[in-house]
Amino acid sequence: MQINNIEISKSKLKLPDEVRLFDTTLRDGEQAPGVALTPDEKVQIAQKLDNLGVNTIEYGFPAVSEGERYAARQIHDLGLDANICGLARVLEKDINALLDCDLNYVHTFIGTSPLHRDYKLKMSKEKVLDKATSGVEYAKDHGLTVEFSAEDSTRTEEDFLLEVYKEIESAGADIINVPDTVGVLVPTTTRDIISTLKDNLNLPISVHFHNDFGLAVANSIVAIESGAEQAHVTVNGIGERGGNASLEELAITLNVIYNMKMKIDTTQLYNVSDFVSKLTGIKMPPNKPVVGENAFAHESGIHVHGILENAATYEPIPPELVGHTRKIALGKHTGANALKSKLDEYNIKMNEDQFCSVYDQVKDLGDKGKCITDADLKAIAVTILGKAKEEAVKLVGLSVSSSSGEAVSPTATVKLNINGEEKETSSTGVGPVDAALNAIQILVKGTTNIELEEYNIAAITGGTDALAEVFVITSDEKGNKATGRATREDVIMASVDAVLNSINKILMIKEEGNF
Ligand code: KIV
Ligand code: ZN
């Protein structure tokens, strides 16, 4: 097999014909601190996961609440292609809760490691074995498809782990899952444990790897190379602590590097990631592989030159394969080719001297450590072309009041001139700056919906009369982003000026026919 000129000799591996993805975003993913999804949100995510093509959706844990059971029934009623699975301890009451929701797939578990037996369960090996087999038998007697996990299996004595899994196989389970509960496997130990299980068991093997050491995806790949037929994943890798193996990273590796058969429609990966990020409130770092904002962004002149000649030079994954887009970012590493292609993209025509001036300004801003968005570039270009128009939004007046008690909130009254029309409003906030920015957002709402993405403040001289430099990034409803900066003696004025500066750039980028 040859992809991107990487040769993988499949003959040395025990790769299964097809890999199944078991998505646990709605169960382990929801266990990420700070994440709580309503039943309706779970339904929406389940629908997206089904469209994406995961084989099984672990929707939640029916025994924990009425809301969880309600979500199970709602998802069940969607009639999705994917199996809908619920988590249950090896307890009859947990399995009954799942049966009450009409689900027919259970993921049932019990801790098997010495730590879990001695400190959490306070059970002997015999007792654990007995509980595990009776739970599996009970679930099978009630017609369920049973996936069994020996929790903390990777810190369980090898002979006991094998004994548990063999008993479970005899008890009628359908699939054996191997959870690396605290993410302690490395590729070598993953290969050892999965190969041993494959040699001694007949059931299909699944893996559930946590990412405490950043190895969950790599270990899942090694497990699949060693014969595991299924991997548990979560969208964006969310989950307990450092999270789980990320669906998008695993799916794209199996697709691009291993050319493996899977049900996943990779072109939906970016969209699903974005959707889950919005509903869970967990933002992706820009450098997150596959779905991060920088995953297909190029700044260095050398790279952009290569990309413009043949995208494969610096893109091992075509962005369209995951539904993402390529971005040419501007900064101090920008080369003339990149700048030219950006200007072409916006149909900005200029002569050689004007081009050199834009180029110098971009480099100059980059040297000062600034990033340059598309809106910034447009603002630079219109100024150099002499086409700069009067700013659409101007500050007419501002008054703020601060407070320390709980009874009165900090308030700001802002008057703006928006395209020649004066408008005024007051708003409160956690402090006077927040109040002023809230008031601006309200006033410009009819013109554009602005979100403050980033706000940074620095004192550039010392003392109480220090100059404050404020840097902001705002975005509009279409995802246009613009930076804004201002330096003033007054922190509030610097903040207001910086935000108005970026809003004016966003309005400029929206305006048709600038060039
Ligand atoms: O990580 C884990 O061990 C789990 C169990 C519930 C299988 O999520
Ligand atoms: Zn887990």
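In the predicted model, helix H8 has its buried residues at Ala-216, Val-217, Asn-219, Ser-220, Ile-221, Val-222, Ala-223, Ile-224 and Glu-225. The helix spans residues 216-225 and is mostly covered, with nine of its 10 residues buried. The partners against which these buried residues pack are H7, strand E9 (205-209), strand E10 (230-233) and helix H9 (247-256). After H8 comes Gly-227, which has a positive phi, near 115°.

The chain as a whole contains 16 helices and 18 strands. Along the principal axes, its C-alpha atoms fill a box of roughly 80 × 65 × 45 Å. Of its 515 residues, 50% count as buried. The accessible surface of the chain amounts to about 23200 Å², and carbon and sulfur atoms contribute 48% of this area. When contacts with a separation of 6 or more are considered, 65% of them are accounted for by residues 24 or more positions apart.

Ligand 1 has around it Arg-27, Asp-28, His-107, Ser-149, Glu-151, Pro-179, Thr-181, His-208 and His-210. By class, the shell around ligand 1 comprises one nonpolar, five polar and three charged residues. Three pairings between oxygen atoms of the ligand and side chains of this shell were computed. At Thr-181, an N or O atom of the side chain is 2.7 Å from an oxygen atom of ligand 1. For Asp-28, the corresponding distance from a side-chain N or O atom to an oxygen atom of the ligand is 3.1 Å. In the case of His-208, a side-chain N or O atom is likewise placed 3.1 Å from an oxygen atom of ligand 1. Of the 260 Å² of accessible area that ligand 1 has on its own, the protein covers 94%.

The zinc ion (ligand 2) takes its protein donors from Asp-28 (OD), His-208 (NE2) and His-210 (NE2), at distances of 2.0 to 2.1 Å. The spacing of these donor residues in sequence is D-x179-H-x1-H. Asp-28, His-208 and His-210 also appear among the residues surrounding ligand 1. His-208 counts as buried because its relative accessibility is 4%, a value under the 20% limit for burial. His-210 likewise has a relative accessible area of 4% and is therefore buried.

Ser-475 offers a further buried position, located in strand E17 (residues 468-475). With a relative accessible area of 5%, Ser-475 is classed as buried. Its side chain is joined to that of Glu-453 by a polar contact of 2.7 Å. Residues up to four places away in sequence aside, Ser-475 touches Asn-449, Ile-450, Glu-451, Glu-453, Asn-480, Lys-481 and Ile-506.

Val-184 is situated in the loop between strand E8 (175-180) and helix H7 (187-200). Its relative accessibility is 36%, so Val-184 counts as partly exposed. Apart from neighbours within four places in sequence, Val-184 is in contact with Thr-154, Arg-155 and Phe-213. From Val-184 to Lys-445, the separation is 261 residues in sequence and 50 Å in space, C-alpha to C-alpha.

Backbone geometry was also examined at two loop positions. Most residues other than glycine have a negative phi. Lys-122, in contrast, has a positive phi, near 50°, although it is a residue other than glycine. Lys-122 is found in the loop between helix H4 (114-121) and helix H5 (125-141). Because its relative accessible area is 64%, Lys-122 is exposed. A positive phi is also present at Asn-347, a residue other than glycine, where the angle is near 55°. The position of Asn-347 is in the loop between helix H12 (336-345) and helix H13 (352-367). Asn-347 has a relative accessible area of 44% and is therefore partly exposed.

Conventions. Residues numbered from 1 in each chain as written. Chains lettered and ligands numbered in written order. Predicted model: local features only at pLDDT ≥ 70, side-chain atom pairs only at ≥ 80, totals over all residues. Heavy atoms only, no water. Near = heavy atom within 4 Å. Polar contact = N/O pair within 3.5 Å; in protein donor to acceptor, adjacent residues only side chain to side chain. Areas by Shrake-Rupley, 256 points an atom, 1.4 Å probe, with all protein chains shown as cover. Nonpolar A, V, L, I, M, F, W, Y, C, P; charged D, E, K, R; others polar. Donors = N, O, S within 2.8 Å, 3.2 Å for Na, K, Ca; no water. Buried < 20%, exposed > 50% of the residue type's maximum accessible area, 1.4 Å probe, protein only. Helix = DSSP H or I, 4+ residues; strand = E, 2+ residues; numbered from the N terminus. Contact = heavy atoms within 4.5 Å.
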